[in-house]
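Trainee: I have a model open and would like to practise reading it feature by feature. Could we start with the strands?

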Amino acid sequence: MPERKCIAGKVIYRSSIAGDLPAIARLETLSDVPDGSGLSEALIALPADTLSFVAELDGHIIGHTVLTAVAGPDRALALAPLVILPAYRDMQIGTGLVRHALNQARAQGWKSVFVYGQPDYYCRFGFKSQLADGADSPLQGQRFLALELRKDALFGWSGPAAYPEPYLKRMKSKARN
Ligand SMILES: CC(C)(COP(=O)(O)OP(=O)(O)OC[C@H]1O[C@@H](n2cnc3c(N)ncnc32)[C@H](O)[C@@H]1OP(=O)(O)O)[C@@H](O)C(=O)NCCC(=O)NCCS
């Protein structure tokens with residue numbers, strides 16, 4: 001256990017740079033990303049606002065997440081994918097990476113974040129399914145969650161929330177398989 005804590009303490013969280021793309025693609029291939037590999041590359045290449053963050057250990061990328069602008073709610077983002085290399089899971093590195101990403105998004109004036117994922121995991125950051133209730137989106141149900149980065153950012157809001165196309169495409173192809 002102390003060794004695991006030591007590893008987690010050495011991890012650096014930072015924005016990704018163009019040179020990280022091959023390592024990010026490798027990470028997705030080595031990990032069971034539910035949204036399918038190649039999603040990060042497709043999202044990072046979007047003309048829309050995209051915030052991409054990595055977890056780095058001793059010069060190696062061991063985790064990655066992306067936040068992409070959602071059209072609809074004011075200054076809203078979608079978080080996907082989130083992946084940690086299997087050998088480094090359960091060390092709070094995913095938690096550290098998401099916290100870093102959310103803090104950066106808040107500092108840049110983003111107001112809310114949507115995610116389609118495990119409520120048991122995302123509730124630690126304050127994501128709630130009720131906050132996503134107003135969103136008209138193909139993503140629905142208990143796994144569709146939202147978080148307010150600014151107080152009451154989603155209060156009283158309802159309307160279409162357009163997720164990034166590369167993400168929706170993968171959802172549709174998964175539904176077909
Ligand atoms: C989900 C994932 C990012 C978590 O990263 P991590 O660094 O292992 O997570 P942390 O160490 O920060 O948190 C571990 C906690 O999350 C829980 N957890 C891990 N994966 C979970 C999941 N899929 N659903 C619910 N809880 C989960 C663990 O049980 C542990 O709980 P505890 O803190 O109460 O002991 C990682 O398991 C992963 O890359 N999975 C494959 C891709 C994936 O499923 N991405 C998420 C899409 S929603």
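Mentor: Gladly. Start with one pair: Leu-57 stands opposite His-60 in β3. Strands are DSSP runs of E with at least two residues, helices are runs of H or I with at least four, and both are numbered from the N terminus. This is a predicted model, in which local features need pLDDT of at least 70 and side-chain atom pairs count only at pLDDT 80 or more, while totals for chains, interfaces and linings use all residues. Residues are numbered from 1 along each chain as its sequence is written.

Trainee: How many bridges join β2 to β3, and in which sense do the strands run?

Mentor: Two strands pair if DSSP finds at least two bridges between them. Here β2 (residues 50-57) and β3 are antiparallel and are joined by eight bridges. You can follow the ladder from Leu-57 opposite His-60 to Phe-53 opposite Thr-65 and Ser-52, whose bridge partner is Val-66. Phe-53 is also the bridge partner of Ser-15, and β1 and β2 are antiparallel too, with four bridges.

Trainee: What pairs with β3 through seven bridges?

Mentor: That is β4, again in the antiparallel sense. One bridge to look for links His-64 to Val-83 in β4.

Trainee: What is the strand order of the open sheet?

Mentor: The open sheet has six strands in the order β1-β2-β3-β4-β5-β7, with mixed pairing. β1 (12-15) and β7 are the edge strands, since each pairs on one side only. From one strand to the next the twist averages 25°. Axes are lines fitted to C-alpha atoms, for helices over the stretch in contact, and angles run from 0 to 180 degrees between N-to-C directions. Read that way, α2 runs at about 95° to β3 and lies across β2, β3 and β4.

Trainee: Why is strand β3 described as largely enclosed?

Mentor: A residue is buried if 20 or more other C-beta atoms lie within 10 Å of its own, exposed if 12 or fewer, and partly exposed in between, with C-beta atoms placed from the backbone. In β3 (residues 60-70), eight of the eleven residues are buried, so the rest of the structure largely encloses the strand.

Trainee: Now the backbone angles. Which residues other than glycine have a positive phi near or about 50°?

Mentor: Most residues other than glycine have a negative phi, and most peptide bonds are trans. The exceptions to look at here are Asp-58, with phi near 50°, and Arg-75, with a positive phi of about 50°. Asp-58 is in the β2-β3 hairpin, which has two residues between its strands, and Asp-58 counts as exposed because there are 9 C-beta neighbours inside 10 Å. Arg-75 lies in the loop between β3 and β4 and is partly exposed, with 16 other C-beta atoms within 10 Å. The β3-β4 hairpin has five residues between its strands, and Gly-72 in the turn has a positive phi of about 140°.

Trainee: Where is a cis peptide bond found?

Mentor: Between Ala-80 and Pro-81, with omega at about -10°. Pro-81 belongs to strand β4.

Trainee: Which residues touch the most other members of the largest nonpolar core?

Mentor: In soluble globular proteins, nonpolar side chains tend to be buried together. A nonpolar core is a set of buried Ala, Val, Leu, Ile, Met, Phe, Trp, Tyr and Cys residues joined through C-beta atoms within 7 Å. The largest one here has 47 residues, and Ala-78, Val-113, Phe-114 and Val-115 touch the most other members. β4 supplies the largest share, eight residues. Leaving aside neighbours within four places in sequence, Val-113 is in contact (C-beta atoms, placed from the backbone, within 7 Å) with residues including Leu-67, Leu-79, Leu-102 and Ala-146.

Trainee: Which residues come nearest to the ligand?

Mentor: A residue is near a molecule or strand if its C-beta atom, placed from the backbone, lies within 6 Å of it. Around the ligand there are 18 residues, and Arg-89, Gly-94, Thr-95, Gly-117 and Gln-118 come nearest. β4 (76-84), α4 (93-107) and α5 (119-122) each give two or more residues to that shell.

Conventions
Two residues are in contact if their C-beta atoms, placed from the backbone, lie within 7 Å.
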